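Me: Please take a close look at the enclosed empty spaces in this protein, and then lead me from there to the strands and helices. I would like one connected account that I can follow with the structure open.

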Amino acid sequence: MSFTFQIPDKATLKGPNFIRKVFERGAGIPGFISFGIGNPASEAIPVKAIQEAFDYVVNSKPIELLQYGPMAGDAKLAEQTVERLITVRHMPKEGQQLLISIGAGQDLGLVPRTLCEAGDEVYMDAYTFTNGITAVRNVGAKAIGIPMDDEGMLPEALEERAKSGKGKYIYLIPNFQNPTGITMPLERRKAIYAVAAKYNLFIYEDDPYGEIRFTDHVVPTFKELDVDNRVIYAGSYSKTLSAGLRVGFLYGPKQAIEAIQALKNNCDGQMPLVTQRVVSRLLDVLDYDAQIQHVAKVYKEKADLMMNTFRAHGSDKVKFVEPTGGMFLWMTMPDEVDCEAFFEACMEHKVGIVPGAAFAADGVPAGKSFRFSFTYPSKEDIVKGMTMVGQLTKEFIK
């Protein structure tokens, strides 16, 4: 008699992985162009500086790097990060604590594992980052999608849902949101914060590309507006320095961060010390603001090229959230278009795009939208791929 293992529901409620589907179907196809992968642009990575930083770090105190590092992470990197959050991002200092993590992605799992119990509700944009949705489902909580408009989450819809009394936190990507590219304006942020205060909810502010702006317009973070210490802010060095280094952080209320740190210590252990020291070294020797500006310049050129190519070849009935920063462009087709057939047509023509259904939280329809990433493909592939996408929209929209 063989053993039968029953996998818990919380480990299987993930929904279809459309991003992986695009990647797997495109793998091995000559000339396939993927706008689905959300990787940073290779040409924006400061490769030489990172190589020199590795040499310096490995040769300075090698035996330290070859042992377990401190549970709380590298003290100098933590100090450098907090200093920037306070002086450049204008976040509060008193009553706060920092946790260093394996990219901002690890935080997506740590927060619900610490704050949520089975049956709790987490409120998020109707369409949001897939891992933010699945991390909540994986602890048995409910990832509730809240309706959006062109300024982001609707405060009145959030309040109506929060009346259940089951909510624990609001998960938001307020700057250049993934997947829609929307940046939430200040007044909307204040209104969302007011609902959080009324219903005693944490706000989990996920901001991995918040400084990669194409304009000079800066909207204060939720953490900067945090008057009663309810915002947990997640940031990352992945999008500004290197994704492969896997260094991110959480900054927020001391009591909450201590609880998250304790869970991390017990379950996940230490971060690799070498990559933390490399990031710390880079912050010492690089002009970090200039590096961010370089990334933004590279991304803006590609975003403009993607939009301009589509305008030259595509249907004027297609709606876009035109990116003002970040990594993504959101395209919405007219209601009458068969979007499954359009997706298949793009794939047949060797262009991979991601259906909006990939990002739909609980209770949200698949919709008529697609996400495009403009950072990783070459400029040549952007022109070729968006020309094809544009021509296909004209075929599908009569």
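Reply: Helices (H or I, at least four residues) and strands (E, at least two) are DSSP runs, numbered from the N terminus. The model is predicted, with local features needing pLDDT of at least 70 and side-chain atom pairs pLDDT 80 or more, while totals for chains, interfaces and linings use all residues. Residues are numbered from 1 along each chain as its sequence is written, and side-chain values use heavy atoms, leaving out hydrogens and water.

The structure holds 4 cavities of 30 Å³ or more, where a cavity is a set of points on a 1 Å grid, over the protein atoms alone, at which a 1.4 Å probe fits but cannot get out, and lining residues have an atom within 4 Å of a point. The largest cavity has a volume of about 180 Å³, the volume being the space filled by probe spheres set on points joined across faces, edges and corners. Its lining is made up of 16 residues, and those nearest the centre of this cavity are Arg89, Glu211, Ser236, Phe249 and Tyr288. Both α4 (75-87) and β9 (231-236) contribute, each with at least two residues of this lining. Sorted by class, the lining of the largest cavity has 7 nonpolar, 5 polar and 4 charged residues, with Ala, Val, Leu, Ile, Met, Phe, Trp, Tyr, Cys and Pro counted as nonpolar, Asp, Glu, Lys and Arg as charged, and the others, Gly among them, as polar.

The second largest cavity has a volume of about 50 Å³. Among the residues that line the second largest cavity are Asp125, Met148, Glu151, Leu172, Pro174 and Met184, and its whole lining divides into 6 nonpolar, 3 polar and 2 charged residues.

Strand β9, met at the largest cavity, also belongs to an open sheet of 7 strands, which follow the order β2-β10-β9-β8-β7-β3-β4 with mixed pairing; two strands pair if DSSP finds at least two bridges between them. At the edges of this sheet stand β2 (96-101) and β4 (142-146), each of which pairs on one side only. On average, and with direction ignored, neighbouring strands of this sheet are turned by 20 degrees against each other; such angles run from 0 to 180 degrees between N-to-C directions, along axes that are lines fitted to C-alpha atoms, for helices over the stretch in contact. Within the sheet, strand β3 (residues 121-125) and strand β7 (residues 167-172) run parallel and are joined by 4 bridges, and the bridge partner of Val122 in β7 is Tyr169.

Helix α9 lies across β2, β8 (202-206), β9 and β10 (248-253), and runs at about 25 degrees to β2; contact means heavy atoms within 4.5 Å. Following α9 (residues 254-267) further, one finds that its axis and that of helix α5 (residues 103-115) come within 9 Å and cross at roughly 110 degrees. That angle makes α5 roughly perpendicular to α9, since angles under 35 degrees count as roughly parallel, over 145 as roughly antiparallel, 65 to 115 as roughly perpendicular and the rest as oblique. On the α5 side the contact is made by Gln106, Leu110, Val111, Arg113 and Thr114, which meet Ala259, Ile260, Leu263, Lys264 and Cys267 in α9. These residues divide into 6 nonpolar, 2 polar and 2 charged.

A second helix pair can be set beside this one. Helix α7 (residues 155-162) and helix α8 (residues 186-198) have axes 9 Å apart and pack at an angle of about 10 degrees, and α7 and α8 are therefore roughly parallel to each other. Pro155, Leu158 and Glu159 of α7 make this contact with Arg188, Ala191, Ile192, Val195 and Lys198 of α8, and by class it has 5 nonpolar, no polar and 3 charged residues.

The loops on either side of α8 also deserve a look. Pro179 is found in the loop between β7 and α8, and the peptide bond that leads from Asn178 to Pro179 is cis, with omega near 20 degrees. Asn200 lies in the loop between α8 and β8, and the phi of Asn200 is near 55 degrees, a positive value in a residue other than glycine.

Methods
On a 1 Å grid over the protein atoms alone, a cavity is a set of points where a 1.4 Å probe fits but cannot get out, and a pocket is an open set with protein on both sides within 12 Å along at least five of seven lines; lining residues have an atom within 4 Å of a point.
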